[in-house]
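Thank you for making time this morning. I would like to talk through the pocket and the charged pairs in the structure that I am about to put on the screen.

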Amino acid sequence: MIRADHISKTFEGRTVLNDISVEFDTGKTNLIIGRSGSGKTVLLKSLVGLHDVDSGRIFFDDVCYTDLDFRGRKSIRKDIGMIFQGGALLDSSTVRENVRLPLDLFTEMSESEKRDRVDFCLSRVRLTGADHLYPSELSGGMVKRVAIARAIVLNPRYLFCDEPNSGLDPQTSVVIDNLIHDITKEFNITTIINTHDMNSVMEIGEKIVYIHEGHKWWEGSKDDILLSENPELNDFVFASAMAKRAKSVAR
Amino acid sequence: MISLFENIGRYFMLLGKVFSRPEKLRIYNRRIWFEIEALGFNSISLTAIISAFIGAVVALQMAITLESPFIPKYMIGYATREVMILEFSSTVVALILAGKVGSNIASEIGTMRITEQIDALEIMGINSASYLILPKIVATVLFFPLLTLFSIVVGIVGGYAIAYFTGIMIPGDYVEGLFYYFEPFSITYAIVKGAVFAFIITSISAYCGYYAKGNSLEVGRASTRAVVASSITIMIFDLILTQIMRV
């Protein structure tokens, strides 16, 4: 479980997060949705500690992350996997080296154990045989899958995904969504996904938090969205005329 | 002025992170060898070409300038050696490498910053500053003094070659000048300067890249800042080291 308790964040006088309190459940795919510039990326980066919040507290299970010093945070970070929007793979390393890096730095595994673990993670994201390639030689979908493999290589308890479907075609997006969803269930991870993709919301969104102008505007499940009367949420989720018609039919 | 002090403060804070205890020394050793190849070996050809030509030009200029029956010809070899050891091979090569290696480091780390690769390392619990910058500093501080010595040798050979092929002087006189009033400490001086300048180039360039933000334009600007700041700092430290280690 990850819990944010009244967190706020300001950049150069502009309030980006305003008194947000939210809880993300273990073993579920939790989604943060909102318009561009609504503050959802800042929320995600604040949760993982890439931004320090101005006020409020963040808890990873029972541990207050915001109260920890550098060493304490480092121990929690080893339990965190994160998939960045662009993949954020190390350009100068091959797929295998990228996935293996956390094992090299934080485990005492033997060479064969590391090789087996990397092979397992690559097979889990269906990338067996691509281990010798460099990031520049991969397609967008492959980059995201390597990022997932790297994120899960240390068996994380928390998985953060920043717009994992951006720049991908609808079919590949579904593959990535299902992969993240399956991994969440398989390893009972607390997963938080930051997304614009309404297909993801309706496919894998078990808990959805809508951020609007730095405030938590709404939260619920994918089924609740269909019934919601919240005008801002409806304008965002059902932006097109076709989506509005779909909603009225569904209701 | 405030910005200058702010940058100096952030630079030293970054150095504090860089020199904190590494996660696993074995991984760092591997990266140091990688950086020696990337930043050191790949600079050999540029250093060789420039040093050979400068050595030749210095010898030629000396031959023209010292054209007097009262000045012995071996002074050309002597002057060429002194110029190469005391200033050219350490300072000028460092300025050239500030352009090549400095911009390379700043753009590499800057790109890693804007593409969130550094954030990814931090999330994994890796001290990104130490992991990325320390191997580069160790590699250049170890290798640049060798590059300085290499430059001295190549420059002196360049001077010999111009004497041999143009006939402006007897090569034997040039060689005699090379050994005339030789002070071995000047080699130590050149090595120390090489190591200090290597540290300056690498750490300042890494700092400029590490704090780059925005887009590719900013990476370009960080790269330019790295070259300018490294070059100015090298000149300041050249003055300081020359005063401290007067040969």
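Let me begin with the largest pocket, in which about 1,200 Å³ of space lies. A pocket here is an open set of points on a 1 Å grid over the protein atoms alone, where a 1.4 Å probe fits and protein lies on both sides within 12 Å along at least five of seven lines, and lining residues have an atom within 4 Å of a point. The points are joined across faces, edges and corners, and the volume is the space filled by probe spheres set on them.

This is a predicted model, in which local features need pLDDT of at least 70 and side-chain atom pairs count only at pLDDT 80 or more, while totals for chains, interfaces and linings use all residues. Residues are numbered from 1 along each chain as its sequence is written, chains are lettered from A and ligands numbered from 1 in the order in which they are written, and side-chain values use heavy atoms, with hydrogens and water left out.

Of the 30 residues that line this pocket, the closest to its centre are Leu50(A), His51(A), Arg113(B), Asp119(B) and Tyr211(B). The lining divides into 11 nonpolar, 4 polar and 15 charged residues, where Ala, Val, Leu, Ile, Met, Phe, Trp, Tyr, Cys and Pro count as nonpolar, Asp, Glu, Lys and Arg as charged, and the others, Gly among them, as polar.

What, then, does Asp119(B) pair with? Its salt-bridge partner is Lys45(A), the closest N and O atoms being 3.9 Å apart, and a salt bridge means a side-chain nitrogen of Lys or Arg within 4 Å of a carboxyl oxygen of Asp or Glu. This pair crosses between chains, from helix α1 (residues 40–48) of chain A to helix α5 (residues 117–123) of chain B, with helices taken as DSSP runs of H or I, at least four residues, numbered from the N terminus. Lys45(A) is buried at a relative accessible area of 12%, as is Asp119(B) at 13%; buried means under 20%, exposed over 50% and partly exposed in between, for a 1.4 Å probe and protein chains only.

Helix α5 of chain B also carries Glu122(B), whose partner Arg77(A) lies in helix α2 (residues 70–77) of chain A, so this pair too joins two chains. Their closest N and O atoms are 3.7 Å apart, and both Glu122(B), at 11%, and Arg77(A), at 9%, count as buried.
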